[in-house]
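Trainee: I should be grateful for a close look at a single part of this model, with its neighbours described in turn.

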Amino acid sequence: MTTPQRSQRIATAVRAYLMLTAACLALLIPAAAQVTAIRAGKLIDPDSGTVLTGQTILIRAGKIEAVGNNVTVPSDAKIIDLSKMTVLPGLIDCHTHLAIGAYDAKDLEFFTKTAAQMALESVPNARAMLESGFTTVRDVGTYRALGDIALRDAINRGDIIGPHMLVAGAYVTITGGAGSATGLAPDITLPWDMHYGEANSPWEVRQVVRKLAHDGVDHIKILSSGAVLAHRSNPKSQEFTPEELQAAVDEASHFGLRVESHAHSAEGIKNAIRAGVASVEHATMIDDEGIALAKQHGTYLDMDIYDDVCFQEQGRLGMLPKDMLEHEAGLAQIQRDNFRKAVAAGVKMSFGTDASVCPFRDGAKQFAYMVKYGMTAMHAIQAATSNAADLLGHSDEFGSIKPGKYADIIAVTGDPLTDIRLLENVQFVMKDGKVYKQ
Ligand SMILES: [Zn+2]
């Protein structure tokens with residue numbers, strides 16, 4: 001057969017195949033996607049900081065199509081009546097560790113588990129998070145690299161139930177640092193996925209960021225101070241040099257990725273802000289200069305001011321090693337006082353709990369602490385909705401109930417603006433237009 005004849009035959013075969021595929025798809029897709037209409041008694045709009053009444057939310061193909069008090073509802077629409085409830089956009093936790101494995105795992109227990117065990121034991125974490133009203137999480141690292149990517153993708157495929165996950169893949173950390181698997185004898189060889197994010201120069205930082213970008217992460221987590229929950233670590237120290245932190249932010253930007261930095265110490269916080277991170281996590285010992293810098297750079301502070309309650313409880317139950325309890329001593333009150341200062345100074349604040357320290361169902365317990373330490377209830381809700389979406393760079397998809405965004409919607413009985421603790425008991429959860437709790 002000559003070459004032109006051959007290509008003609010191939011072209012005919014491809015055309016026939018495409019027509020057949022199109023015909024099969026036409027059989028599978030219903031004439032019109034199911035339309036849902038939610039009748040909302042009160043609707044909190046974090047974008048404007050207002051409460052709307054008598055609103056109807058129209059949802060088609062997982063997205064919000066229209067919102068208002070004069071929305072035409074198609075006759076075949078499924079109606080969900082939340083007219084006696086307060087409706088809010090799905091909550092966003094900007095600091096979780098869903099892929100950590102079983103919540104009640106003991107210290108160093110992850111050395112006794114395979115990566116597959118850790119991943120499968122994490123499945124209930126994702127479900128608990130969603131059912132408690134958090135429809136999106138920014139998941140900020142795992143000791144077994146890339147397990148979070150597998151979890152995110154399994155949720156997106158619909159294999160398991162969980163929130164939208166934006167994942168980091170691994171901790172970008174110095175060797176022996178806050179994101180390393182520490183506390184072991186030097187002659188123990190770790191598997192690849194327990195030191196995947198280690199880097200010790202600007203160029204090594206860039207190499208790790210390049211690997212993670214290739215692996216398909218959504219953002220980069222770097223650690224610029226020691227940690228509470230790491231052996232032989234000092235939260236009051238600095239980790240990485242300014243050059244290394246700048247390399248992380250610059251290299252991440254080549255892939256359109258934002259960077260968040262774990263930092264407890266004042267210098268670790270300021271180095272990260274100067275390097276241009278999107279948010280500082282914990283920000284425990286932030287000083288006046290750090291607060292001024294955060295304002296100047298528009299850096300978010302993501303301060304987990306509730307989780308010490310769980311930490312102390314685990315300490316009482318003997319679940320935490322002595323060195324970690326010593327690291328934490330006195331830091332909780334310092335962090336809460338600094339949270340109050342940062343709020344008063346008008347720094348951008350997001351909602352992040354470090355879920356894994358507390359059970360995955362308990363994220364909303366932080367709201368009451370945020371109000372106790374200086375936020376209005378509306379500001380606390382904005383931190384977990386519109387502000388969080390802004391930090392994630394996804395304001396077009398999440399953070400408020402507006403046309404074009406994902407139909408991620410929750411509801412509670414009563415008015416959370418007068419009693420913020422009502423958010424601890426979310427009674428209705430919808431994600432992508434699908435109801436997960438009612
Ligand atoms: Zn964390």
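Mentor: In this predicted model, I shall begin from one residue pair: aspartate 45 has threonine 50 of strand β2 as its bridge partner. That pair belongs to a longer antiparallel arrangement, in which β1 and β2, the latter spanning residues 50–60, are joined over 10 bridges. The two strands make a hairpin with four residues between them. Within the turn, glycine 49 adopts a positive phi of about 70°.

β1 also pairs with strand β4, residues 78–89; here the strands run parallel and are joined by seven bridges. On this side, lysine 42 stands opposite threonine 86 of β4. β1 itself, residues 35–45, is mostly covered, with nine of its 11 residues buried, that is, under 20% relative accessible area. As general background, side chains in a regular strand alternate between the two faces of the sheet.

For comparison of setting, consider helix α8, residues 288–297. Its buried residues are Gly290, Ile291, Leu293 and Ala294. These residues lie on the same side of α8 because they cover an arc of only 160° around the axis. In general, an α-helix has 3.6 residues a turn, so residues three or four places apart point the same way. The cover over the buried residues of α8 includes α7 (266–275), β12 (300–302) and α11 (331–345). Asp288 and Gln296 are exposed and sit on the face of α8 turned away from its buried side. After α8 comes glycine 298, which has a positive phi near 70°.

Terms used. Residues are numbered from 1 along each chain as its sequence is written. This is a predicted model: local features need pLDDT of at least 70, side-chain atom pairs count only at pLDDT 80 or more; totals for chains, interfaces and linings use all residues. Side-chain values use heavy atoms; hydrogens and water are left out. Buried means under 20% relative accessible area, exposed over 50%, partly exposed in between (1.4 Å probe, protein chains only). Two strands pair if DSSP finds at least two bridges between them. The arc is that of the directions from the helix axis to the C-beta atoms. Contact means heavy atoms within 4.5 Å.
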